[in-house]
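Please read the following with the sequence and the coordinates open side by side. The text goes from the sheet to the helices and then to two loop positions.

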Amino acid sequence: MVDIKGLTIKLALDGLRKKDFSATELTKAYLSVIDQHNEDLNAYVLVTHEYALNQAKIADENIAKNQMRGLEGIPIAVKDLFCTKGVRTTACSNVLRDYVPQYESTVTECMFSQGGVMLGKVNMDEFAMGSTNLTSCFGGVNGPWKNQDGEFVIPGGSSGGSVAAVAANMALGALGSDTGGSIRMPSSFTGLVGFKPSYGRCSRYGMISFASSLDQAGVITKTVEDSALLLQSIMSFDPKDATMPRRKIPNLMEAFTDSSVKNMKIAIPKEYRVEGLPDEILNIWEDSIKFLRDAGAVVEEVSLPNTESGLSVYYIIAPAEASSNLARYDGVRYGVRVNEGGSLDEMYSATRASGFGDEVKRRIMIGTFLLSSDQYDACFLQAQRVRSLIIKDFQDVFANYDAVITPTCLSDAFTKNKKFTPLEIYMNDVFTIPASLAGLPCISIPARLSKGGLPLGMQVICNNYEEVKTLKIAKFLEDNFSFNAVAKGFGNV
Amino acid sequence: MSRISVEDITKIARLARIKLDDEKIREYEASLNEIFQKIEILQKVDTKGVLPVHNIISDAMLMRQDVVDDGDIKDEILMNSKNCKYDYFVVPKVVE
């Protein structure tokens, strides 16, 4: 059996190249942890044993011929909103509970073409709406981190299954999606690296839509270098997505050729020093500043004056786009159908009432209201104007600075029993939303454990299309923090 | 934005084609009002002369030729429908 403890994508690629183990052995090792522990963790909502072993077999053939591709034989978990041809894809919603796509998302197609092996589809908040993973129609994810009282804490969301799978050694990396923080926030909660590239770097074709102007695919891994390897495999230029930039796709590994941050200019936005930010989070922020200064970077305080409006802008634009995107679930062409005997309207209303969960309904309702003729100008257009201001704030800073550095979250992870109002849950995303509104590349890296023994993350945000610079600064912070804690239990036993 | 009422929620639910019972209507009335109160701060932001965002990437949207490249998959497409007959999706009768 392959020893998967401490394994990374980079080490696994080396091991496969040197024939220390085969792709089939590696895949079987991960499937075995999944079979043993997934019932308790609930990270995977579908395990694709046969699919994975077939892909691993092809990988072994390529390795034997010395024709290794970028991600050859690497076992990956796929968030259940990437359509996978012939493999059930649900967005963790009852409305799509038995949906089998007849086409492949560009992101998974790219990953497969680089030799990646899909272990299965992983849990998420329904339609990626949430930051707890508790809105999934398959139930929440339990762990893998525990607090001091020995209770499981939630992995965050919406990519909760993605982070849980990687943190519990049930995959070497995972594909996720980030609309307002759904990769970075759960990565911060689980001690992982979560990287959302610039809007448009990865095709949205075949990625089940939530809010089209914000949705972006990204990756979750154990190290910054792994995030570069995995992200490289899913970036593409795809004519099927009309909102992709005509930019050259960078070689992300260039980020690691030179580790110096000397003379780089780093911005610390004062508006992120919000009231009530715990000392332990201020401390990792101060330490990051110290590491950078000691290495010769120039770190200065800046202002992003419209930061406070970010959350409100997001909770207008995202539900508005969602209410429009989710109009397609009418019970006719796919998904559940309820009330066959009634009128067409009654069938629509009953189907949508039964198929969508409470949070998805709430956001559809918010969006429907905000797009109504009475509210459109005052709310929706005003939000899009303020979004322009938020983008300009970042542009002004990036005219003089290489990166913005902030904590990823306001707190460490909490248990699923902690009660919040919907608005309090929305507040979780306050540090991750502004970069999403501006479509910027941003990454969360693990820094330290909190007093409660749970991971805390730092966020690096760079200007559009500067993924290489984002990775370089993230790698610098990763090296300096040297975070090496792992969740106890499950695959780490 | 004035406070939205139970009648407003009922109207929104009808527009969104989501059937809600009275309990849910009251629940959404409370949570939507809390959220709308929060997002109201945007009204105070001075946006005179600021254009709304309509495309997040600066490049112009891409055009492509409208060619079929994945045709001939009728059975796969119909497979996901709960009710189809003679290669059509079946819905309740709409014309009396």
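A residue counts as buried when its relative accessible area is under 20%. By that cut-off, Pro455(A), Gly457(A), Gln459(A) and Ile461(A), which point one way from strand 11 of chain A, are all buried, and so are Leu456(A), Met458(A), Val460(A) and Cys462(A), which point the other way. Side chains in a regular strand alternate between the two faces of the sheet. The model is a predicted one. Because eight of the eight residues of strand 11 of chain A are buried, this strand is largely enclosed by the rest of the structure.

Strand 11 of chain A belongs to an open sheet of eleven strands, whose order in chain A is 1-3-2-4-6-5-10-11-9-7-8 and whose pairing is mixed. At the edges are strand 1 (44–47) and strand 8 (298–302) of chain A, each of which pairs on one side only. On average, and with direction ignored, neighbouring strands of this sheet are turned by 30° against each other.

Strands of a sheet pair through backbone hydrogen bonds, in either a parallel or an antiparallel way. On one side of strand 11 of chain A is strand 9 (residues 403–407) of chain A, and these two pair in the antiparallel sense over five bridges. Within this pairing, Val404(A) has Ile461(A) of strand 11 of chain A as its bridge partner. Strand 10 of chain A also pairs with strand 11 (residues 455–462) of chain A in the antiparallel sense, here over seven bridges. Ile443(A) has Val460(A) in strand 11 of chain A as its bridge partner, and Ser444(A) stands opposite Gln459(A) of that strand. Strand 10 and strand 11 of chain A form a hairpin with five residues between them. In the turn, Gly453(A) has a positive phi of about 80°.

How many of the eight residues of strand 10 (residues 442–449) of chain A are buried? Six are, so strand 10 of chain A is largely enclosed by the rest of the structure. Strand 10 of chain A also pairs with strand 5 (residues 193–196) of chain A, in the antiparallel sense and over three bridges. Here Gly194(A) stands opposite Ser444(A) of strand 10 of chain A. Ser444(A) thus appears in both pairings, opposite Gly194(A) and opposite Gln459(A). Strand 5 of chain A is in turn joined by three bridges to strand 6 (residues 216–221) of chain A, and the two run antiparallel. The bridge partner of Phe195(A) in strand 6 of chain A is Val219(A).

Helix 3 of chain A packs on the sheet, where it touches strand 1 and strand 3 (117–122) of chain A. The direction of helix 3 of chain A makes about 155° with that of strand 3 of chain A.

Helix 3 (residues 49–64) of chain A also packs with helix 2 (residues 23–41) of chain A, at an angle of about 160° and with the axes 8 Å apart. Angles over 145 degrees count as roughly antiparallel, so helix 2 and helix 3 of chain A are roughly antiparallel to each other. Helix 2 of chain A passes helix 3 of chain A in a right-handed crossing. Among the residues that make the contact are Thr27(A), Leu31(A) and Asp35(A) of helix 2 of chain A and Leu53(A), Ala56(A) and Ile63(A) of helix 3 of chain A. The residues of this contact divide into seven nonpolar, three polar and four charged.

A second helix pair is formed by helix 7 of chain A and helix 15 (residues 467–481) of chain A, which pack at an angle of about 150° with their axes 9 Å apart. These two helices of chain A are therefore also roughly antiparallel to each other. Val224(A), Glu225(A), Ser227(A) and Ala228(A) of helix 7 of chain A meet Leu471(A), Ala474(A), Lys475(A) and Glu478(A) of helix 15 of chain A. Four nonpolar, one polar and three charged residues take part in this contact.

The loop between helix 7 (224–234) and strand 7 (265–269) of chain A holds Ser236(A), and Ser259(A) lies in the loop between helix 7 and strand 7 of chain A as well. Are these two serines buried or exposed? Ser236(A) is buried, because its relative accessible area is 13%, whereas Ser259(A) counts as exposed because its relative accessibility is 56%. Leaving aside neighbours within four places in sequence, Ser236(A) is in contact with Thr106(A), Cys110(A), Arg201(A), Ser203(A), Met244(A) and Ile249(A). For Ser259(A), the C-alpha atom is separated by 31 Å from that of Leu214(A), which is 45 residues apart from it along the chain.

Conventions
Residues are numbered from 1 along each chain as its sequence is written. Chains are lettered from A and ligands numbered from 1 in the order in which they are written. This is a predicted model: local features need pLDDT of at least 70, side-chain atom pairs count only at pLDDT 80 or more; totals for chains, interfaces and linings use all residues. Side-chain values use heavy atoms; hydrogens and water are left out. Helices (H or I, at least four residues) and strands (E, at least two) are DSSP runs, numbered from the N terminus. Buried means under 20% relative accessible area, exposed over 50%, partly exposed in between (1.4 Å probe, protein chains only). Contact means heavy atoms within 4.5 Å. Axes are lines fitted to C-alpha atoms, for helices over the stretch in contact, and angles run from 0 to 180 degrees between N-to-C directions. Angles under 35 degrees count as roughly parallel, over 145 as roughly antiparallel, 65 to 115 as roughly perpendicular and the rest as oblique. A crossing is left-handed if the near helix is turned anticlockwise from the far one by less than a right angle, and right-handed if clockwise. Ala, Val, Leu, Ile, Met, Phe, Trp, Tyr, Cys and Pro count as nonpolar, Asp, Glu, Lys and Arg as charged, and the others, Gly among them, as polar. Two strands pair if DSSP finds at least two bridges between them.
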